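Trainee: Please take a close look at one part of this model, the aromatic ring pairs, and tell me what the rings do and where they sit.

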Protein chains: 2
Amino acid sequence: MPPCMASETCDMKYRSKMKRSLSKLDPPELDFKPLVVIELAKNVKEETKEWLTKKIMDKKKDGGAQLLIKPLMKSEEDESANIYLVGASAKRLLIGAESVGLVKECDDGSMRSFIYNNRKEYINFREDGADFLTMAECQYIIKHELDNLRAREEKIIAGYPQAKLYPGKSILRRLQTNGIMIQIFPLHDTEDLKRLGHEWYCQIKVAFQPIDEIRRYFGDTLGLYFGFLEYFTMALLPMALIGIPYYFFAWEDYDKYVIFATFNLVWSTVILEIWKRWCSTMTYRWGTLLMKRQFEEPRPGFHGVLGINPVTGREEPTYSSFKRQLRLYLVSLPFVCLSLYLSIYVMMIYFDLENWALEYHREHQSDFSSIMLFVPSIIYAVVIEVMNRIYKYAAVFLTSWENHRLESSYQNHLILKVLVFNFLNCFASLFYIAFVMRDLKLLRQSLATLLITSQILNQFVEALLPYWLQKRYNKKVKKNVKLLKESTDLVEQIHLEKEMGAYPGTFDDYLELFLQFGYVSLFSCVYPLAAIFAVLNNITELYSDALKMCCVFKRPFSEPSASIGVWQLAFETMGIIAVVTNCALLGMSTQVNALFDDSKMDLILIVAAIEHALLAVKFILAFVIPDKPYDIQMKLARLEFESMEALKQQQQMKLSLESFTEDDDAMDS
Amino acid sequence: MPPCMASETCDMKYRSKMKRSLSKLDPPELDFKPLVVIELAKNVKEETKEWLTKKIMDKKKDGGAQLLIKPLMKSEEDESANIYLVGASAKRLLIGAESVGLVKECDDGSMRSFIYNNRKEYINFREDGADFLTMAECQYIIKHELDNLRAREEKIIAGYPQAKLYPGKSILRRLQTNGIMIQIFPLHDTEDLKRLGHEWYCQIKVAFQPIDEIRRYFGDTLGLYFGFLEYFTMALLPMALIGIPYYFFAWEDYDKYVIFATFNLVWSTVILEIWKRWCSTMTYRWGTLLMKRQFEEPRPGFHGVLGINPVTGREEPTYSSFKRQLRLYLVSLPFVCLSLYLSIYVMMIYFDLENWALEYHREHQSDFSSIMLFVPSIIYAVVIEVMNRIYKYAAVFLTSWENHRLESSYQNHLILKVLVFNFLNCFASLFYIAFVMRDLKLLRQSLATLLITSQILNQFVEALLPYWLQKRYNKKVKKNVKLLKESTDLVEQIHLEKEMGAYPGTFDDYLELFLQFGYVSLFSCVYPLAAIFAVLNNITELYSDALKMCCVFKRPFSEPSASIGVWQLAFETMGIIAVVTNCALLGMSTQVNALFDDSKMDLILIVAAIEHALLAVKFILAFVIPDKPYDIQMKLARLEFESMEALKQQQQMKLSLESFTEDDDAMDS
């Protein structure tokens, strides 16, 4: 029997079985709403497909995920046969919502963890609860359940003896690492997406973004990112507006500068503190502020010898912490230092080029030569961007190779590596110009060139180029899909989406904002226009990011998050560095120096005193402004009080039971 | 009927009733171990006594505390009739241990919240669990239960119509505020105390303190204080040892000084970080690290109109936050500023005196005049101590008057007020000498005088004087008690203890260490001997504090605490200020100035750079050193994992139940 025939009979058998089990577990196909798409490799054995389907549909108590799964197409000749749609009954999703710990609003206006048995108490819960969860939440629940589909007694993935399993190993992760599963992604809701796009970026008007809608569709992490982007842009506006007269009237007096710099520094502290409050208000409304942290499982890429985890007592890969430290300090750290050195080396070349351009201009004094003056800066800006991107790949590789057990520790090491390099790479030349060459005019010029070039480059590389490529590609796919026999809208949509790029996460977007914040705040008193460029860039960034999310990338899985995490710390650190640089710049400015012509020592001491006072003000402000608004604090306190009361009542009930038995004892004796 | 007779019959009735209820609730008197003493006012009505006794003995479900209570003496003519002993059965105490959330070690070595039903699983639990809880823990439980004895339907305290009650009001607090109850204190265990004293301070030997024993007897707060005192003394040793050669060989070279100052600054950061680890190891062993925070009730002194608490929904006094802010900013803040101004004014008088003494010495050049040189400093040190103490009273009064709802917020406002004033009062003159007069020689002399004088004064006022007074008083009491008819050891003990002063808390002790840390670290590079004096002082402080705890004061109620709280922050802030002052001192020293004779500007820039680098190192160190040792982290992670697992299993059980009913539904339809 040729292999193709074998697979055909296998498939027949499998489909009939599947149909049976589907009918048993679930109402007719009409009710099946596809939420998540799984694409298997082309040559996957039927045996494996069958095993996986069974696993996903099996009852929880039998070690399954108790979800629904269907192949996309009936015809075997087509590659679509390896695409599966995953869904679940409304009830299953609600129970899943309880197990992932979703928090929803109750009828009395408070936010509570969703509990299936109390489902009637939640706002917007109708009859069967079909519309209670958003599609993004349903997809998150399904992803969570699939990720937690773990091996029990199975030693291998059926049909693949090389894909080893052990009790507790996530099956989906093993499928992915062995190349059996190509990808898993959530489906777009085309109607909803169109509506969202219309509200969000299709009209050019002065309005806030529909943050809650964005969050509803893309999940909390992206809702927070767009919320932060919008907030940050609004917060920069005062700085931008105040900067305009400084630039145009060339207010370079000592006192006006001091006022501007002080305003900037205090303002940047205040906006970061207020963001925390704003953020907690949003995440309280979304329910993520109250979500309990789940126990963190090892990240997918983590590998090592099988051993016993001291915390969980489970069998899982272990990797000696000592070896990781060795890799960290003997390879990663030297590599980072080398990269920093290289970055400084490139900077020195830039200064040589700059000198050469100046020389050339002085010799020729032509139009061409005056344009040439800007060329080194532009080249340098491009080189910086390229270096940042190359370094990022290296950092990802190195951090993976360090083999961190937890995703959070992986992320922290990656962010630290990338931040340090990006900071030095972007700002080293500015620091050099400011504090070694002490040429404030050149500083202003370099700052402007770097800022504007990097913004234009970023917009182009991140959004417009992929958008254009995607558009061209879509046409091709549509043509191909039309040739298929059983083509429906859904089939076309899935074929389009499965070829879209995966959204790489908010890392690059936050990094861009972080560097922009650096350009704006580090040397703000030299170049007051920086804030305006930042505001303008962020407005276009809003549109290009929206476009990117809706049209260029696959829909990302929604991830609950309660804050922007480590970026808050990064921005605050930048604020502290900005105090130091601005005070130093102020002390170096010719206007201030003219004032203290006779006693340079007094000048420096005064500048140092101002710097320390500003830093103290920053810390006191950060300490005094509460991280959460009063009403959120009250609501959280109320929830905590309720849970404590419940516990106490439980104990008192026990106590009165005890006293009953005590009486009985006394009576008996 | 004369009143005395009325009270007699009343008392007869009451005692017979009491005997009956005692016999009903509890085994014979032999089993009754007195733990806590309640002293009522002399003229308290019998009706009230009866009511209170009933309240304390009533079942939990009837709104009582379910404890045991006995009057100290049978004879009515004596005042002792108003002294009551409170105890509880072993079982009641164990159930109380569960409700306050005590954490105990299990047989498998892990620390877990005590649960009465699983009592057999804990280490050292024998038959009836009589020795399972320490006496301090039992007393804490009884205190907690008495504090939580709250009014239900009662509108007044029986016999006192002016002592109003409302549902939820703590009865004991009302008794205290209305002067019906004079005091409540835990009894000493004379045997145990003798043993502890012998181990702790009776022998003069080089050994660590028995911290675990101290904690067992006096509770966690005091255990932590003595642990910190010991740790801090040990941590100062290296600084002291390194300081000796600097002082004796007068190593005033630039490089040696820099090394000394840098070592001091890095060392002070490291010791504070390591203390956190050390502290968490101790409190893990004691179980307080894992104790759940209880809901904070309003503090006893809080008063206001009855209203509804938005968090608990209960009726309780409310006080407008706006009024409190007004009091804070319009009265307290101006008062603090005025006090600070006064302190600086006194300082200026001191400098006038100092000048006068110098003048006098220059004119007379006698032995007397050279002694006179030290007089202003000594007077100033005494004045500083006196001002600190007066200010403390004012701060306590003001903070009470601000009417904070929570004890924690009261404490924070008090500590902030006292710290700011004490800091300025103690260090203003030193700052003035260092940075305005720039007289490093005078600075060294002032520092030495202030440090030594304040240490001697403190030891005397805090421990030795009260000890001597107490000794004299004890003799008198013993004589009086001997005259009583039914005098036993217990009666004598209670009469002695009830007249002892109440221990005012660890505030003053920590404050003393905080100021000492300031003397040692702020100007360490000027006076290397400071650390030695601090070490010597702390060794005697250890003994005098031990004496104070064991012989001078009443036994304090044990309070669970997991860290030294806000003092950690205070010490860390002092460390940061120390970096700034030391760098400035270094920049001002003649040796360093000689090195940079031609370019003062470079000098200041270099000093500023060093300062910033040191501050950065401090922050990085604080960030990099984990607050808890690895094994404690693992144990905490294990506990968290277990509770998450338990939750998940509960949910999965529910899920499988659901799926059963789902199947049933499908079968039905």
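Mentor: A:Phe523 is buried, at 0% relative accessibility. This is a predicted model, and the values here are computed from it. The partner ring belongs to A:Phe431, which is partly exposed with a relative accessible area of 23%; the cut-off for buried is under 20%. The count of aromatic pairs over all chains comes to 75. In this one, A:Phe431 and A:Phe523 meet edge-to-face, with 5.6 Å from centre to centre and 70 degrees between the planes. A:Phe431 belongs to helix α13 (residues 407–437) of chain A, and A:Phe523 to the loop between α16 (507–522) and α17 (530–552) of chain A, so the pair ties together parts 92 residues apart in sequence.

A pair in chain B can be set beside it. The ring centres of B:Tyr225 and B:Tyr510 are 5.2 Å apart and the planes stand at 80 degrees, so this pair is edge-to-face. B:Tyr225 is in helix α8 (residues 220–248) of chain B and B:Tyr510 in helix α16 (residues 507–522) of chain B, so parts 285 residues apart in sequence are tied together. B:Tyr225 counts as buried at 1% relative accessibility, and B:Tyr510 counts as buried at 3%.

Aromatic rings in chain A also take part in contacts with charge. The charged end of A:Arg327 sits over the ring of A:Trp401, 4.4 Å from the ring centre. A:Arg555 lies over the face of A:Tyr217, 3.8 Å from the centre of that ring.

Note on methods
Residues numbered from 1 in each chain as written. Chains lettered and ligands numbered in written order. Predicted model: local features only at pLDDT ≥ 70, side-chain atom pairs only at ≥ 80, totals over all residues. Heavy atoms only, no water. Phe/Tyr/Trp six-rings, centres within 6.5 Å; stacked < 30°, edge-to-face > 60°. Helix = DSSP H or I, 4+ residues; strand = E, 2+ residues; numbered from the N terminus. Buried < 20%, exposed > 50% of the residue type's maximum accessible area, 1.4 Å probe, protein only. Lys NZ or Arg CZ within 6 Å of the ring centre and 35° of its normal.
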